[in-house]
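Work through the exercises below with the sequence and the model open. Try each task before reading its solution.

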Amino acid sequence: MKALVLTTGSVLGVLGGGQLGSMFTMAACRLGYHVAVWDPDPEAPAHRVATHSFPVPFTDQHILARFAELVSVVTYEWENIPAELCRALEQRKPVRPSSAVLSVIQDRLEQKGFLASNGFPVPPFAGLTDPDQLSTSIRQVGYPALCKTATAGYDGKGQWRIPRESDVREVERAILESARPGMRWIVESLVPFERELSILVVRGADGQSCTYPLAENEHDEGILRTTMVPAQGSSVVAEQAAVLARQVVDRLEGVGVFCLELFQLPGGELLINEIAPRPHNSGHYTLDACSVSQFEQQVRTTSGMPLGEVRLLSPAVMVNLIGDDAAILMKGEGCRTLLNIPGAVLHLYGKPAIRPRRKMGHVTFLGETLSLALGHAKQFRDGLANGPILSAWEPVRH
Ligand code: AMP
């Protein structure tokens with residue numbers, strides 16, 4: 001890989017301008033860079049903070065030429081951007097992580113195949129090219145199973161649970177209804193995990209890498225709800241996760257920030273659920289709780305600077321603000337109360353409209369101890385669940 005070190009004032013390009021692109025842009029600006037954001041949605045949050053903004057479709061060839069001319073290097077904020085766009089840009093400027101890495105990751109079947117063929121632990125899986133292959137494919141992995149679209153699924157979208165054989169027909173119909181030509185699916189054994197964990201890996205172009213502490217996640221209907229760090233439990237598991245994560249990203253020859261989502265089985269064994277080739281929602285705590293955030297690491301690895309320190313400065317619990325959570329928070333004294341809590345850091349993404357299941361922001365609760373941070377986060381979540389009661393909220397005392 002060609003060495004690349006940019007000077008401040010260079011323009012970094014980012015494909016995708018959601019909250020991840022926006023946090024990348026802010027981290028880049030802090031280091032003196034300019035950022036060009038390309039996202040078809042004119043209301044995408046990163047356009048607000050970009051130096052150069054391209055709210056045009058990813059298929060626009062004229063903009064492709066202009067964007068490639070303007071930027072020194074390109075990264076992306078999520079894996080569902082067109083791989084052919086990355087390949088075209090890569091002809092002109094370095095793309096990090098590379099389009100080859102993106103192609104492996106953005107298709108669940110390719111990704112699981114890559115992991116399994118390299119001996120990395122994954123849940124049993126099988127592929128299908130037609131919904132009528134569902135029952136045959138599940139026979140290879142067993143019941144209960146989960147069917148996912150091979151591409152373009154996220155936050156639990158494009159997923160169907162199949163608890164037992166008698167559910168196959170109904171799920172087959174549901175899949176058929178949403179099927180489009182050329183689509184493929186993956187079925188996986190629904191594993192009885194004890195905990196969901198994630199770990200961030202940062203890897204530079206020189207092959208040096210480092211991992212953040214292991215984080216423990218809780219999901220609700222497929223969407224990340226909270227992350228707590230450090231994950232509780234055995235340090236052996238944390239060490240295994242770190243080794244596994246570095247091996248996977250080494251094998252991929254990935255340059256950038258990666259996140260491995262893991263299942264911990266009751267015996268302690270770890271299985272890889274998926275890899276994200278970018279900063280991850282479960283790593284947002286790094287903005288407030290670590291010496292260098294995952295977004296600054298993305299800037300550093302993209303621009304060829306040294307990797308940053310990954311030290312956790314404080315235990316942290318991150319709570320996502322999803323859909324109406326943002327409205328509940330803004331009601332009455334909710335926001336004021338939250339901002340008065342020691343260690344509570346609010347991030348709102350500036351999305352113009354609240355929609356169900358849409359990530360509107362997050363709150364990081366920092367605490368001298370994890371239990372203090374957990375106590376604040378729990379009260380906050382209870383407040384969100386029970387309506388506008390945050391004004392009556394009694395903060396945990398130090
Ligand atoms: P994904 O979009 O693949 O990250 O899946 C979203 C969520 O669905 C995960 O965080 C898990 O809670 C659950 N899930 C996904 N795959 C499996 C699996 N093979 N077994 C059990 N739960 C799963």
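Two exercises follow, each with a worked solution.

The model is predicted, so local features need pLDDT of at least 70 and side-chain atom pairs count only at pLDDT 80 or more, while totals for chains, interfaces and linings use all residues. Residues are numbered from 1 along each chain as its sequence is written, and side-chain values use heavy atoms, with hydrogens and water left out.

**Exercise 1.** Trace the open sheet of four strands and find its edge strands.

*Solution.* Step 1: strands (E, at least two residues) and helices (H or I, at least four) are DSSP runs, numbered from the N terminus. Two strands pair if DSSP finds at least two bridges between them.

Step 2: the order is β5-β8-β6-β7, with antiparallel pairing. The edges are β5 (125-128) and β7 (159-162), each pairing on one side only.

Step 3: five antiparallel bridges link β6 (residues 145-149) with β8 (residues 185-189). Leu 146 faces Glu 188 of β8.

Step 4: helix α6 (residues 134-141) lies across β5, β6, β7 and β8, at about 165° to β5. Such angles run from 0 to 180 degrees between N-to-C directions, with axes fitted to C-alpha atoms, for helices over the stretch in contact (heavy atoms within 4.5 Å).

**Exercise 2.** Explain why strand β14 is described as largely enclosed.

*Solution.* Step 1: buried means under 20% relative accessible area, exposed over 50% and partly exposed in between (1.4 Å probe, protein chains only).

Step 2: in β14 (residues 270-276), six of the seven residues are buried, so the rest of the structure largely encloses this strand.

Step 3: β14 runs antiparallel to β13 (residues 256-264), joined by six bridges. Glu 274 in β14 is the bridge partner of Glu 261.
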